[in-house]
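Me: I have a model open and want the reasoning behind the labels put on it. Can we go through them one at a time?

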Amino acid sequence: MNIVVCVKYVPDATADRKFEDDYTVDRVGVDGLLSELDEYAVEQALQFREKREGEDITVTALTVGPEKAVDAVRKALQMGADSGVHVVDDAIAGSDYLGTSLVLAKAIEKVKADSGADLVLCGMASTDASGSVVPAMLAERLGMPQVTLASVIESQGDQVRIKRDNEGSTEVIGATLPIVLSVTDQSGEARYPSFKGIMAAKKKPLETWSLSDLGLDAEQVGLSVAYTQVEDTTARPPRTAGEIVTDEDGSGAGALVDFLASKKFI
Amino acid sequence: MSEVLVVIDHADGEVKKPTFELLTIARRLGEPSAVFFGSPEQGDAVAEKVKKYGAAKVYVVDDAQIKGYLVAPKAEALQQLAEKTSPAAILLPSTFENKEVAGRLAIKLGSGLITDAVDVADDGTTTQSVFAGNYTVQAKVTHGTPIITVKPNSAAPEEAEGAGTVEAFAATVSDAAKTAQIVATQPRQSTGRPELTEAAIVVSGGRGTGGNFEPVEGFADSLGAAVGASRAAVDSGWMPHAFQVGQTGKTVSPQLYVANGISGAIQHRAGMQTSKTIIAVNKDPEAPIFELVDFGVVGDLHTVLPAATEKVKERKG
Ligand SMILES: Cc1cc2nc3c(=O)[nH]c(=O)nc-3n(C[C@H](O)[C@H](O)[C@H](O)COP(=O)(O)OP(=O)(O)OC[C@H]3O[C@@H](n4cnc5c(N)ncnc54)[C@H](O)[C@@H]3O)c2cc1C
Ligand SMILES: Cc1cc2nc3c(=O)[nH]c(=O)nc-3n(C[C@H](O)[C@H](O)[C@H](O)COP(=O)(O)OP(=O)(O)OC[C@H]3O[C@@H](n4cnc5c(N)ncnc54)[C@H](O)[C@@H]3O)c2cc1C
């Protein structure tokens, strides 16, 4: 069995994130890393393998992104994935949901042809765009059951059951492998790469694919053919500094309630 | 005028406020047709509600073949409805589930998708609030039928009489869409407080509560507010995940957000930074949350909040 875990390389959320002149996200001039929410997906892939000791299970980490995005795959290999795939092509830059999901789906199909794709694992959202749509779109494109936003995952044989927090309820979802599964940050802390893991990662197979390797051409993806177009981006003006009072002998509560009244909240 | 499909947000036939916001927005783009996934018996009652906000038609899609499976059947039904009506746009309330429905629908229709819009102009230009609220982005769908998911509190609902003609729509759900089965559903218990994403006022607590949410809840109740929590409070098991505000929880955009014992991490800000007015109570004057506030109290929430609660009650009489 082979698990494909999709990992995205994103700008560091705690640093300055900005847009380029063509309104695409600056992914090259800023510090990037494996999206923290995709670490949970890698973790669940590794746990899936560990829980099913004795079975022959491999984990392939897949990313689509610029040159530096290979770091996301490397991190996944250090954590314990067995092999990596980096899809990189200038023509992909600026892809929207439709373009990105197309490239990912084609790449997953190629992995499947080479070594199988019985479980496609994703994070719940990227930490930059936070769309939370790509996993559902992969399920649509690959014709696999969609089992998304899992906080608890159980599997036996080819059956998988998950717990999903919905708007007004918690649901248990069941499906039969192969599936597309996305996991939330409630699914369990991700491990840190060990020193041994970091050394071992250097020897693990890592392939680089371009669009033509996937049977796609530049007219099918990227900014120029995107189905959506960004027309403007504006930095939000910093909030004007508010009034800060220090509570002394109960003065804070009085000032707080006066403020609420002045704004007509009471 | 072209139809604009608006997917109704409801809990067992009880129409929720974001629906009225979406209908108000839809009127800028064309003639709103509301889409109700639910029990046909509830169709007429739902139509009464949505016609007050301008719904000319109400498509009732019997969800007997839909509700037992995750996401895929709804996308199929909407595809069939879109093919029948050739709408000018399709609007959905921005929930996790609806975003997934919209994603699959975008592929089926070959249409562009914009998620988490906080505004839609009459020419279809959307506004999104991105990077934890630090940027706003103007964008437009350029291919196919615009599919747009819209966040709660993105417009003030405005009434307008619509015909509200009920039309049953028989969707065909393929076997391929029935592969992820909902085997059990446990409804969350109602707290009796307003819904987090819809509330005009949200009062949240973080690690600084030390696990005692009573001061936070008491203050929330005095203001008629919803209660929220930081991930630290959720991870500690003090509050259920459904209350989490932030990147991996709910995004709220209320008139007033009160953060108590919350430091203001970027992932928390992502869920509340677009609130109109922000207040914080925190004992650390250096807490980053104070960079955002309109008003802040440096103090212990365990003394400030109960005292403030009493004062609010006095004023309200
Ligand atoms: C602020 C912002 C807003 C945007 N809004 C829109 C919009 O409204 N409409 C639109 O069409 N596009 C939009 N985009 C573009 C869109 O985000 C990109 O196409 C992006 O590559 C995929 O979406 P996501 O990051 O939101 O993925 P999500 O759906 O949040 O990703 C979920 C999971 O899918 C997997 N995944 C996603 N991308 C990759 C990748 N490149 N490599 C490997 N795995 C991956 C990961 O497992 C991830 O956890 C926006 C981009 C930004 C930065
Ligand atoms: C991928 C990812 C996603 C995340 N998603 C979210 C999310 O959705 N939502 C979220 O909230 N976080 C999220 N986080 C976590 C986030 O980074 C912070 O760790 C979290 O928000 C901290 O919660 P807190 O402010 O309650 O706790 P802390 O940061 O520990 O702050 C506690 C604050 O309480 C104050 N305090 C202590 N005692 C008192 C008292 N008696 N009275 C008044 N003040 C007091 C302290 O001064 C301090 O400022 C995410 C993190 C990651 C990596």
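Me: What makes the pair between ligand 2 and the side chain of B:Arg207 a polar contact?
Reply: The model is predicted, and the distance is computed from it. An oxygen atom of ligand 2 is 2.6 Å from an N or O atom in the side chain of B:Arg207. The cut-off for a pair of N or O atoms is 3.5 Å, so the pair counts as a polar contact.

Me: Which atoms of ligand 2 pair with B:Ser263 and B:Leu301?
Reply: For B:Ser263, an oxygen atom of the ligand is 2.6 Å from an N or O atom in the side chain. For B:Leu301, a nitrogen atom of ligand 2 is 3.0 Å from a polar backbone atom.

Me: How much of ligand 2 does the protein bury?
Reply: Ligand 2 exposes 1,000 Å² when taken alone, and the protein buries 84% of that.

Me: Why is the site of ligand 2 called shared between chains?
Reply: The ligand is surrounded by residues from chains A and B, so the site is shared between them. The shell has 28 residues, and the closest are B:Arg207, B:Ser230, B:Ser263, B:Gln267 and B:Asn282. Two or more residues each come from α1 (36–51) of chain A and from α6 (231–235), α7 (266–269) and α8 of chain B.

Me: How does the shell around ligand 2 divide by class?
Reply: This shell has 7 nonpolar, 15 polar and 6 charged residues. Gly is counted among the polar residues in this scheme.

Me: Where does ligand 1 lie, and which residues are closest?
Reply: Ligand 1 lies between chains A and B. Its shell holds 30 residues, the closest being A:Cys6, A:Lys8, A:Asp38, A:Ser126 and B:Leu113. By class, these 30 residues divide into 16 nonpolar, 11 polar and 3 charged.

Me: How do you know that ligand 1 has polar contacts with the backbone of A:Asp96, A:Gly123 and A:Val133?
Reply: An oxygen atom of ligand 1 is 3.1 Å from a polar backbone atom of A:Asp96. The corresponding distances are 3.0 Å for A:Gly123 and 2.8 Å for A:Val133. Each pair is within 3.5 Å, so each counts as a polar contact. Taken alone, ligand 1 exposes 930 Å², of which the protein buries 93%.

Me: Why is β13(A) called an edge strand in the sheet of 6 strands?
Reply: The order is β13(A)-β17(B)-β16(B)-β15(B)-β13(B)-β14(B), an open sheet with parallel pairing. β13 (243–246) of chain A and β14 (226–229) of chain B each pair on one side only, and these are the edge strands. Neighbouring strands are turned by 15 degrees against each other on average, direction ignored.

Me: How do you know that β13 and β14 of chain B pair?
Reply: Pairing needs at least two bridges, and 4 bridges join β13 (residues 201–205) of chain B to β14(B), so the two strands pair. They run parallel. One of the bridges has B:Val202 with B:Ala226 as its partner.

Me: Which helices meet this sheet?
Reply: Helix α5 (residues 214–223) of chain B lies across β13, β14 and β15 (256–260) of chain B, at about 175 degrees to β13(B). Helix α8 (residues 301–316) of chain B touches β15, β16 (277–282) and β17 (295–298) of chain B, and its direction makes about 130 degrees with that of β16(B).

Me: What is the pairing in the sheet of 10 strands?
Reply: This open sheet has mixed pairing. Its edge strands are β11 (206–209) of chain A and β12 (181–187) of chain B. Strand β8 (residues 159–165) of chain A pairs with β9(A) in the antiparallel sense over 7 bridges, and A:Asp165 stands opposite A:Thr170 in β9(A).

Me: What makes A:Pro178 and A:Leu149 worth noting?
Reply: Most residues other than glycine have a negative phi, and most peptide bonds are trans. The peptide bond from A:Leu177 to A:Pro178 is cis, with omega near 0 degrees, and A:Pro178 sits in the loop between β9 (169–176) and β10 (179–183) of chain A. Phi of A:Leu149 is positive, near 60 degrees, and this residue is in strand β7 (residues 146–156) of chain A.

Notes: Residues numbered from 1 in each chain as written. Chains lettered and ligands numbered in written order. Predicted model: local features only at pLDDT ≥ 70, side-chain atom pairs only at ≥ 80, totals over all residues. Heavy atoms only, no water. Axes fitted to C-alpha atoms, helices over the stretch in contact; angles between N-to-C directions. Contact = heavy atoms within 4.5 Å. Near = heavy atom within 4 Å. Polar contact = N/O pair within 3.5 Å; in protein donor to acceptor, adjacent residues only side chain to side chain. Areas by Shrake-Rupley, 256 points an atom, 1.4 Å probe, with all protein chains shown as cover.
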